Amino acid sequence: MRLAGKGLGKVEVRLKWDPSPLGEAPRHLDIVAATYSVDDPYGRPEYVVHYDSRSPDGTINMTRHSQTGQGFGFVEVMVLEVERLASAYGRVVVGVVIHQDPVPRTFGDMSNAGVVVVEGYRELVVDDFSQVADSTATTVVEFVRNDDGEWELYEMIQGSDSDPAAFMREMGAVRHA
């Protein structure tokens, strides 16, 4: 489903979840983004951005990161300045993964989890992961450069059972419906 008009600029992906109950191992979710070339938009990513990295040109950055979910509201935030991406890139896929150490978990195990994608004050995507409750990772949105060179956003909530490393390699093969 195409959600945004032409000319997307600076977009934020915000993630929230409740911390683990007292005595339970921390729950740790991460936002990840993979950038694909115009020549191979469904192949290997040119680069992947996650909690301890950023894009080589500074257009995709983590501005807030949590390993526990503690804090108020959205505890993890990724900023994507898609209008600044080089013309060599034609696609960016953003997803969320759940760390599986020390206890395997799915989105159904998370309390008060959710993601919102915004441009300025406009909410583009809002989801609570209920449709991927049995999954350990999910794609969230896809940004695609159209024939005019402008970026369009597609909601793409599609669950996966891969571990975080495998998911980051596989998420580009997912296509929006």
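Reader: In what order do the five strands of the open sheet lie?

Author: In this predicted model, the open sheet has the order β4-β5-β1-β7-β8, and its pairing is antiparallel. Strands β4 (60–64) and β8 (122–127) are the edge strands, since each pairs on one side only. From one strand to the next, the twist averages 20 degrees.

Reader: How many bridges pair β1 with β5?

Author: Strand β1 (residues 10–16) and strand β5 (residues 76–81) are joined in the antiparallel sense by six bridges. As one example of the register, Glu12 has Val79 as its bridge partner in β5.

Reader: How should one read the two faces of a strand, and which residues of β2 lie on each side?

Author: In a regular strand, side chains alternate between the two faces of the sheet. In β2, one side carries Leu29, Ile31, Ala33, Thr35 and Ser37, while the other carries Asp30, Val32, Ala34 and Tyr36; all of these are buried, and both faces are thus covered. Because nine of the nine residues of β2 (residues 29–37) are buried, the strand is largely enclosed by the rest of the structure.

Reader: Which strands pair with β2?

Author: Strand β6 runs antiparallel to β2 and is joined to it by nine bridges; there, Leu29 has Ile98 as its bridge partner. Strand β3 (residues 47–49) also pairs with β2 in the antiparallel sense, over three bridges, and Ala34 is matched with Val48.

Reader: What is the general idea behind a nonpolar core, and which residues of the largest one touch the most other members?

Author: Nonpolar side chains in soluble globular proteins tend to be buried together. The largest nonpolar core here has 37 residues, of which Leu80, Val92, Val94, Val117 and Phe143 touch the most other members. Strand β6 (residues 89–98) gives the most to this core, with five residues. A second, separate core of ten residues includes Ala34, Val93, Phe167 and Met171. Leaving aside residues up to four places away in sequence, the contacts of Val92 include Ile60, Leu80, Phe143 and Trp151.

Reader: Is the salt bridge partner Glu142 buried or exposed?

Author: Glu142 counts as buried, at 0% relative accessibility. Its salt bridge partner is Arg91, with the closest N and O atoms 2.5 Å apart. Because Glu142 lies in strand β9 (residues 137–145) and Arg91 in strand β6, the pair ties together parts that are 51 residues apart in sequence. Arg91 is likewise buried, with a relative accessible area of 1%.

Reader: What are the relative accessibilities of Glu12 and Arg14?

Author: Glu12 is partly exposed at 23%, and Arg14 is partly exposed at 25%. These residues form a salt bridge, with the closest N and O atoms 2.8 Å apart.

How values were computed: Residues numbered from 1 in each chain as written. Predicted model: local features only at pLDDT ≥ 70, side-chain atom pairs only at ≥ 80, totals over all residues. Heavy atoms only, no water. Core = buried A, V, L, I, M, F, W, Y, C linked by side-chain atoms within 4.5 Å. Buried < 20%, exposed > 50% of the residue type's maximum accessible area, 1.4 Å probe, protein only. Helix = DSSP H or I, 4+ residues; strand = E, 2+ residues; numbered from the N terminus. Contact = heavy atoms within 4.5 Å. Pairing = 2+ DSSP bridges. Axes fitted to C-alpha atoms, helices over the stretch in contact; angles between N-to-C directions. Salt bridge = Lys/Arg side-chain N within 4 Å of Asp/Glu carboxyl O.
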